[in-house]
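Got your viewer open and ready to click? Let's go on a walk, one selection at a time.

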Amino acid sequence: MAYALQQLVNGLTLGMIYGLIAVGYTMVYGIIGMINFAHGDVFMIGAFIGIIVITALSGITAVPLGLLAALIISAALCGLYGFSIERVAYRPLRGSFRLAPLISAIGMSILLENYVQTSQGALERAIPNLIPGGITLMRQDGFAVQLTWMQIAIMAVTLVVLAVFTYIVTKTPLGRAMRAVEQDAKMAALLGIDTNRTISTTFIIGSALAAMAGVMFLLYYGVIDFYIGFNAGIKAFTAAVLGGIGSLPGAVLGGLLIGLIEAFWSGYATVAYKDAAVYSILAIVLMFMPSGLLGRHEVEKV
Amino acid sequence: MSNVLSIQNISTFYGPIQALRDVSLEVNEGEIVTLIGANGAGKSTLMMTIFGQPRAKSGAILYRGENITALPTFQIARRGIAQSPEGRRVFPRMSVEENLLMGAQVVKYADYDSQLKMVLELFPRLEERFAQRAGTLSGGEQQMLAIGRALMSKPKLLLLDEPSLGLAPLVIKQIFGAIRSLNRETGLTVLLVEQNANQALRLAHRGYVLVNGALTMAGTGAELLAKPEIRAAYLEGGH
Ligand SMILES: Nc1ncnc2c1ncn2[C@@H]1O[C@H](COP(=O)(O)OP(=O)(O)OP(=O)(O)O)[C@@H](O)[C@H]1O
Ligand SMILES: [Mg+2]
């Protein structure tokens with residue numbers, strides 16, 4: 001019981017990070033119908049910007065302020081990355097054959113990894129735990145369930161970010177424009193929506209969310225390298241598909257589920273096969289629900 | 001009368017297929033102009049070419065004297081042209097309210113309340129369905145929503161592509177009545193595509209006939225209504 005509770009806490013923390021990345025995949029897929037394979041690398045760059053800012057500010061400002069600065073600066077710069085990636089690698093190919101932007105995305109992903117590898121080095125980079133300690137939720141048979149301050153901070157930040165994001169998408173003119181372009185880009189243009197600009201904004205927002213996930217990943221694990229984007233990217237992509245690609249709540253739900261599966265599998269079976277467990281469950285879900293857990297399946301008149 | 005829309009010798013293609021051949025047409029301030037023609041004549045193509053979707057391959061489109069032929073679609077909309085397009089194209093996963101808000105996006109919501117009041121008075125049905133997802137509306141309700149959405153931007157030129165499609169005769173009458181009164185009271189300029197040639201020609205000040213992508217006839221509504229070839233081609237079994 002206590003052990004399960006511990007896996008739940010760990011799984012939810014990891015799941016929130018996946019969820020934040022997955023939102024970016026699903027947004028881009030929704031609006032231009034492509035899988036942005038470079039998204040995981042934006043997450044990785046976000047983590048690197050985080051470590052640079054945190055290192056630069058350490059000793060100068062208080063820790064919470066430093067972390068907040070890392071989140072904001074990383075989000076802003078990665079927003080710029082996302083904007084540029086779309087401009088350089090995808091927009092020129094719009095209207096081209098379907099696989100073209102996909103190939104371009106893979107190229108962009110390799111480019112970003114190599115760029116970070118050469119500029120930041122191929123070795124792992126580490127930071128100490130900046131928010132040590134925590135609270136003990138319960139004790140049972142000599143096992144103490146720990147909820148660390150770091151986990152609380154990560155969950156709190158994710159919830160705030162997702163709340164703001166949800167508000168933007170559901171209630172503001174910008175969010176409406178994004179959804180309109182997703183549903184019928186030509187009609188949106190007929191109503192005066194600058195679709196290119198809306199697509200750029202989508203990339204900026206998605207990349208900013210991935211950047212914040214990157215910073216939190218850095219804080220949680222304390223170690224990053226230029227290759228973390230690959231694994232986390234595939235997990236988050238899986239989360240988006242599991243939740244139903246194109247569905248924003250689905251992306252968050254999928255992220256949480258994958259975090260939980262990983263945590264429980266590692267806790268009860270073996271760490272070695274945790275990825276296999278994730279993909280097996282994805283395969284099973286898709287067999288019964290081909291459009292994912294919250295994917296669209298209602299009938300619509302067109 | 002000042003010129004609102006001047007289409008000059010445009011030709012439009014879908015790949016190798018030519019859909020419009022050297023079409024020229026004028027719409028003046030305060031006019032209701034109708035475009036009639038058989039299925040596949042190119043009426044919807046003309047309406048969409050005005051918005052650059054697809055772009056005219058040759059010729060020019062002038063809106064109040066400004067050449068808009070090469071403008072991005074959203075810029076054309078922001079000049080004050082609105083369209084209720086063929087196929088309605090409501091946003092299926094948005095509520096009726098959100099669809100209407102989308103229509104008002106151009107006017108930056110300044111006149112949102114007054115426009116909304118006008119649209120809901122015209123289509124009380126939309127008020128009943130205000131929170132419903134547009135994709136689940138009936139065909140006729142979607143048509144009302146598409147027209148309402150176009151009106152929300154307080155357009156100076158309104159393009160209506162078969163607004164009567166799928167609507168009950170009573171509602172058609174209502175819509176045509178509304179177009180007439182908007183035109184009389186606010187001077188709204190309208191370009192109207194209709195299958196229902198009889199009613200359209202009665203409503204319109206002038207009309208054009210499109211055959212196989214080319215204009216073959218033009219005249220006042222009454223003139224066209226009186227022409228035997230029009231009666232034979234578009235009005236038989238008419239009301
Ligand atoms: N996207 C497209 N690709 C290829 N051909 C097209 C396309 N859209 C229309 N066409 C062709 O262009 C011609 C004109 O079509 P258009 O839709 O403008 O006709 P219409 O006058 O609006 O007809 P209807 O009364 O049936 O709505 C038709 O022959 C049609 O097949
Ligand atoms: Mg048509």
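Start by selecting B:Gly187: just after helix H7 of chain B, this glycine takes a positive phi of about 75 degrees. Helix and strand labels here come from DSSP runs numbered from the N terminus, with at least four residues for a helix (H or I) and at least two for a strand (E).

Before the next click, some housekeeping. This is a predicted model, where local features need pLDDT of at least 70 and side-chain atom pairs count only at pLDDT 80 or more, while totals for chains, interfaces and linings use all residues. Residues are numbered from 1 along each chain as its sequence is written, chains are lettered from A and ligands numbered from 1 in the order in which they are written, and side-chain values use heavy atoms, with hydrogens and water left out.

**Stop 1: helix H7 of chain B**

Now select residues 169–186 of chain B, which make up H7. How far apart should the ends of these 18 residues be? At 1.5 Å a residue the helix should span 26 Å, and its end C-alpha atoms are 25 Å apart, which agrees. (The expected span is 1.5 Å times one less than the number of residues.)

Which residues of H7(B) are buried? Colour B:Val171, B:Ile172, B:Ile175, B:Phe176, B:Ala178, B:Ile179, B:Leu182 and B:Asn183 to see them. Look down the axis of H7(B): the buried residues fall within an arc of 150 degrees, so they line one face of the helix. That arc is taken from the directions from the helix axis to the C-beta atoms. As for the labels, buried means under 20% relative accessible area, exposed means over 50%, and partly exposed is in between (1.4 Å probe, protein chains only).

Spin the view to the face turned away from the buried side, and you'll meet the exposed residues B:Pro169, B:Leu170, B:Lys173, B:Arg184 and B:Glu185. Back on the buried side, the residues of H7(B) pack against several elements of chain B, including strand E3 (32–37), helix H4 (112–122) and helix H6 (139–152).

Zoom in on B:Ala178, which sits in helix H7 of chain B and counts as buried at 8% relative accessibility. Try the distance tool from there to B:Ala131: the two are 47 residues apart in sequence and 24 Å apart in space, C-alpha to C-alpha.

**Stop 2: the loop before H7**

Select B:Ser164, in the loop between E7 and H7 of chain B. Is B:Ser164 buried or exposed? It is buried, with a relative accessible area of 11%. Leaving aside neighbours within four places in sequence, B:Ser164 is in contact (heavy atoms within 4.5 Å) with B:Ile172, B:Phe176, B:Glu194 and B:Asn196.

B:Glu162 lies in the loop between E7 and H7 too. B:Glu162 has a positive phi of about 50 degrees although it is not a glycine, and it is buried, with a relative accessible area of 11%. Most residues other than glycine have a negative phi, and most peptide bonds are trans.

For another positive phi, hop to B:Arg89, again at about 50 degrees and not a glycine. B:Arg89 is partly exposed, with a relative accessible area of 24%. Then find the cis peptide bond joining B:Gln53 and B:Pro54, where omega is about 5 degrees.

**Stop 3: ligand 1**

Show ligand 1 and the 13 residues that surround it (each with a heavy atom within 4 Å); the closest are B:Lys43, B:Ser44, B:Thr45, B:Glu86 and B:Gln195. Helix H1 (residues 43–50) of chain B gives the most to this shell, with 3 residues.

Next, look for polar contacts, which are pairs of N or O atoms within 3.5 Å; within protein, one must be able to donate a hydrogen and the other to accept it, and residues adjacent in sequence count only if both atoms are side-chain atoms. A polar side-chain atom of B:Ser44 lies 2.7 Å from an oxygen atom of ligand 1, and for the side chain of B:Thr45 the distance from a ligand oxygen to an N or O atom is 2.5 Å.

**Stop 4: over to chain A**

Finish at A:Ala22, in helix H1 (residues 2–32) of chain A. A:Ala22 is buried, with a relative accessible area of 0%. Among its contacts, leaving aside neighbours within four places in sequence, are A:Ala236 and A:Ala251.
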